[in-house]
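Biologist: Could you take me on a close look at a single part of this protein? I'm new to this, so please go step by step and keep it chatty.

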Amino acid sequence: MTRLDRVEQTPGRLAGPPLTPRTAVIWSVLRAELERRPDALTVLDVGGGTGGFAVPLAQAGHRVTVVDASPDALAALTRRAAEAGVAERVRAVQGDGDALAGLVEPGSADLVLCHAVLEVVDDPAAVVAALAAALRPGGAASVLVAGRAAAVLGRAMNGHLDVAAALAADPAGTAGSRDTLRRRYDADGAAALLGAAGLVVEEIHGVRVLADLLPAAVADGQPAALVELERALAARAPWRDLAAQLHLFARRP
Ligand SMILES: C[S@@+](CC[C@H](N)C(=O)[O-])C[C@H]1O[C@@H](n2cnc3c(N)ncnc32)[C@H](O)[C@@H]1O
């Protein structure tokens, strides 16, 4: 039985977030941290968008600040928090992740989320340093980045062999100026980025190992089986490293 299996079988305070191939593994890791720390936590979600993680965390009793560059995303977050009855526990701050250091009080957060953001900011090392500085000693960071290997496989399987070759050869893992992302990571590179900011990486999981490769009829037709399989493969080589995204859970010593 893996750690994820044990966590999923343990009812926690965090009831309710929808478990999809995109979220199940991340929630398993977060739930383990929340169960370890029974108090209401101060959470910072950088690039938290419309609140897919922030609102369930607020529903579980935690105080969440979402910093995001998009006013539209923050408006949707505010509506969603109000509809969920947790508006008083969700704070929306418009701001650039690259300027995070000036937006957040140092040493104030128990948990920092930074999901699908480091691929698009100007200076990921500076953002990670600001995430680390925002954490209290002992606080944890949940970081989700785009996986490089999956992008190469995905382009190749769709017949775009030239794009796959460009992606594989590019040091940043992008396919040139038309790529929507500025960089992608492998597990070692992402861990090194967090380590350079003084964070200690405790766990790395693959997110969407299979989900993006399956025909829609399979993914849509067997959602529970797919979530189970994703969880079973998430921590295991070679599957983890082929995932569309890599989830790193790290701690400030
Ligand atoms: C792909 S979405 C991810 C949303 C959410 N974290 C999730 O995983 O569902 C990226 C989010 O980052 C925000 N974003 C992009 N660039 C940013 C920046 N430089 N600073 C802050 N937020 C940024 C976008 O507005 C968007 O809400």
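Modeller: Sure, and one term comes up straight away: a polar contact is a pair of N or O atoms within 3.5 Å, where one must be able to donate a hydrogen and the other to accept it. Keep in mind that this is a predicted model.

Let's start at Q245. Its home is strand 7, which covers residues 245-251. Q245 counts as buried, because its relative accessibility is 8% and buried means under 20%. Its side chain has a partner, too: at 2.8 Å, it makes a polar contact with the side chain of R208. Leaving aside residues up to four places away in sequence, Q245 also touches a set of residues that includes R22, A116, L144, G147 and H205.

Two of the residues that Q245 touches, R208 and A116, deserve a stop of their own. R208 sits in the loop that links strand 6 (200-207) to helix 9 (216-221). Its phi is positive, about 65°, even though R208 is not a glycine. A116 is also not a glycine, and its phi is positive as well, near 60°. You'll find A116 in the loop between strand 4 (109-115) and helix 5 (124-134). With a relative accessible area of 42%, A116 is partly exposed.

Now step back along the chain from strand 7. The loop between helix 10 (223-233) and strand 7 holds P238, and the peptide bond leading from A237 into P238 is cis, with omega near 0°.

Next up is the largest pocket, with a volume of about 360 Å³. It is lined by 20 residues, and those closest to its centre are A150, A151, G154, D212 and A244. Helix 6 gives the most to this lining, namely six residues.

Helix 6 spans residues 148-157, and R148 is part of it. Here's a nice puzzle: R148 is buried yet has no salt bridge. The nearest side chain of opposite charge belongs to D186, 5.7 Å away. A salt bridge needs the side-chain nitrogen within 4 Å of a carboxyl oxygen, so D186 at 5.7 Å doesn't make one with R148.

What does the side chain of R148 have beside it instead? One of its polar atoms lies 3.0 Å from the backbone oxygen of P171, and the backbone oxygen of A168 is 3.3 Å from a polar atom of that side chain. Again not counting residues up to four places away in sequence, R148 touches L167, A169, D170, R184 and Y185, among others.

Note on methods
Residues numbered from 1 in each chain as written. Predicted model: local features only at pLDDT ≥ 70, side-chain atom pairs only at ≥ 80, totals over all residues. Heavy atoms only, no water. Helix = DSSP H or I, 4+ residues; strand = E, 2+ residues; numbered from the N terminus. Buried < 20%, exposed > 50% of the residue type's maximum accessible area, 1.4 Å probe, protein only. Lys, Arg positive; Asp, Glu negative; His and termini not counted. Contact = heavy atoms within 4.5 Å. 1 Å grid on protein atoms, 1.4 Å probe; cavity = no way out; pocket = protein on both sides within 12 Å on 5 of 7 lines; lining within 4 Å. Points joined across faces, edges and corners; volume = space filled by probe spheres on them.
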